[in-house]
Amino acid sequence: MTTRQYAEEALPQKLKRRVKQFFGPWGVFFEGFVRNPVMVGSIIPSSDRTIAKMLGPVDWDECKLFVEYGPGVGTFCRPVLDRLRRDGALIVIDTNPLFIDYLRKTITDSRFTAVLGSAADVEDIVLSHGHEHADYVLSGLPFSTLPDGVGPAIAAGTWRVLRPGGAFLVYQFTAKARAFMERHFRRIDNGMEFWNVPPAFLFWGWKDEDADV
Ligand SMILES: C[S@@+](CC[C@H](N)C(=O)[O-])C[C@H]1O[C@@H](n2cnc3c(N)ncnc32)[C@H](O)[C@@H]1O
């Protein structure tokens, strides 16, 4: 290959790298969406208002293990780590290797673990990381576009992995996730955040202390 050919071939790569650096996490998120639009389900990460509202009801003193499904580029990870106790742990699970690689490179907090896998396997993942239960589980999954059977399996696994008194926090662009939650969670609080692209439905499903396990 001549020097000129090399320069011509390297240019699009360089350009791609520059564009990615300029847009930071947004660029990585957009690339993840372009590669897998159905699984990612959104072009823009959640807004600060969605994050604050969603995390508002969490009792951080009682939270030793926080699990997040579908962290993307970590929009919720940093705010969760800011609130999490020093001896707490945050495990995030995503099916997209691009996002998991990015999170492992950019978040170095010792309480943080990024797992490449499916939320449907949450029980095995929690156990294999040395925990019996999760205190809170947060989901940004696109429930409406998940393959058949995956949504119900995730809702059932989440119910089992939560400790009594814990909660399943869900944000979505449609209300479909609520139908999956209702099969297990008797008490679900609803919210809405319009300052998000697109506006997000918020749900908090509580596993009450007296719930049938
Ligand atoms: C809408 S994005 C969430 C974005 C991010 N949490 C935010 O607040 O900006 C959905 C994420 O779910 C992930 N995902 C889709 N199916 C999954 C599954 N079965 N298990 C874990 N993650 C999944 C996608 O790779 C993507 O990162």
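Select Y136 in this predicted model. Leaving aside neighbours within four places in sequence, Y136 is in contact with V58, C63, F66, G166, A167 and L169. Y136 sits in strand β4. Is it buried or exposed? Y136 counts as buried because it has 24 C-beta neighbours inside 10 Å, where the cut-off for burial is 20 or more. Add D59 to the selection: D59 and Y136 are 77 residues apart in sequence, yet their C-alpha atoms are 9.3 Å apart in space.

**Either side of β4**

Keep Y136 displayed and show β1, residues 65-69, and β4, residues 134-139. These two strands run parallel and are joined by four bridges. Within that pairing, F66 has Y136 in β4 as its bridge partner. Now show β5 as well. β4 and β5 also pair in the parallel sense, over five bridges, and Y136 stands opposite A167 in β5.

Colour β5 by burial. Eight of its eleven residues are buried, so β5 is largely enclosed by the rest of the structure.

**Along β1 to β2**

Go back to β1 and select all of it. Five of its five residues are buried. On one side are L65, V67 and Y69, and on the other F66 and E68; both faces of the strand are covered. The general pattern applies here: in a regular strand the side chains alternate between the two faces of the sheet.

Next, show β2. β1 and β2 pair in the parallel sense over five bridges, with L65 standing opposite A89 in β2. Select I91 and list its contacts beyond four places in sequence. They are L65, V67, T113, V115, I125, V126 and H129.

**The edge at β3**

Select F112, which lies in strand β3. With 19 C-beta neighbours inside 10 Å, F112 counts as partly exposed, because burial needs 20 or more. Not counting residues up to four places away in sequence, F112 touches C77, L81, L90 and I107. For C77, the separation from F112 is 35 residues in sequence and 8.6 Å in space, C-alpha to C-alpha.

**The whole sheet**

Switch to a cartoon and show the strands together. In what order do the seven strands of the open sheet lie? The order is β3-β2-β1-β4-β5-β7-β6, and the pairing is mixed. β3 (112-116) and β6 (187-193) stand at the edges with a single partner strand each, so one side of each has no neighbour in the sheet. From one strand to the next, the twist averages 15°.

Two helices can be added to this view. Helix α4, residues 48-55, packs on the sheet and touches β5 (162-172), β6 and β7 (200-206); its direction makes about 160° with that of β6. Helix α8, residues 150-161, also packs on the sheet, where it touches β4 and β5; its direction makes about 145° with that of β5.

**The loop between β6 and β7**

Select V197 and P198. P198 is in the loop between β6 and β7. The peptide bond from V197 to P198 is cis, with omega near -15°. As background, most peptide bonds are trans.

**The nonpolar core**

Clear the view and display the largest nonpolar core, which has 52 residues. Which of them touch the most other members? They are I91, Y136, V137 and L169. β5 supplies the largest share of this core, six residues. In soluble globular proteins, nonpolar side chains tend to be buried together.

**Around the ligand**

Show the ligand and the 24 residues around it. P45, S46, G70, G72 and G140 come nearest. Then pick out α3 (37-40) and β2 (89-94), each of which supplies at least two residues of the shell. Colour the shell by residue class: 13 are nonpolar, ten polar and one charged.

**The chain as a whole**

Finish with the full protein chain, which has nine helices and seven strands. Of its 213 residues, 37% count as buried. Among contacts between residues at least 6 apart in sequence, 69% join residues at least 24 apart.

Terms used. Residues numbered from 1 in each chain as written. Predicted model: local features only at pLDDT ≥ 70, side-chain atom pairs only at ≥ 80, totals over all residues. Pairing = 2+ DSSP bridges. Axes fitted to C-alpha atoms, helices over the stretch in contact; angles between N-to-C directions. Contact = placed C-beta atoms within 7 Å. Buried ≥ 20, exposed ≤ 12 C-beta atoms within 10 Å, placed from the backbone. Near = placed C-beta within 6 Å. Nonpolar A, V, L, I, M, F, W, Y, C, P; charged D, E, K, R; others polar. Core = buried A, V, L, I, M, F, W, Y, C linked by C-beta atoms within 7 Å.
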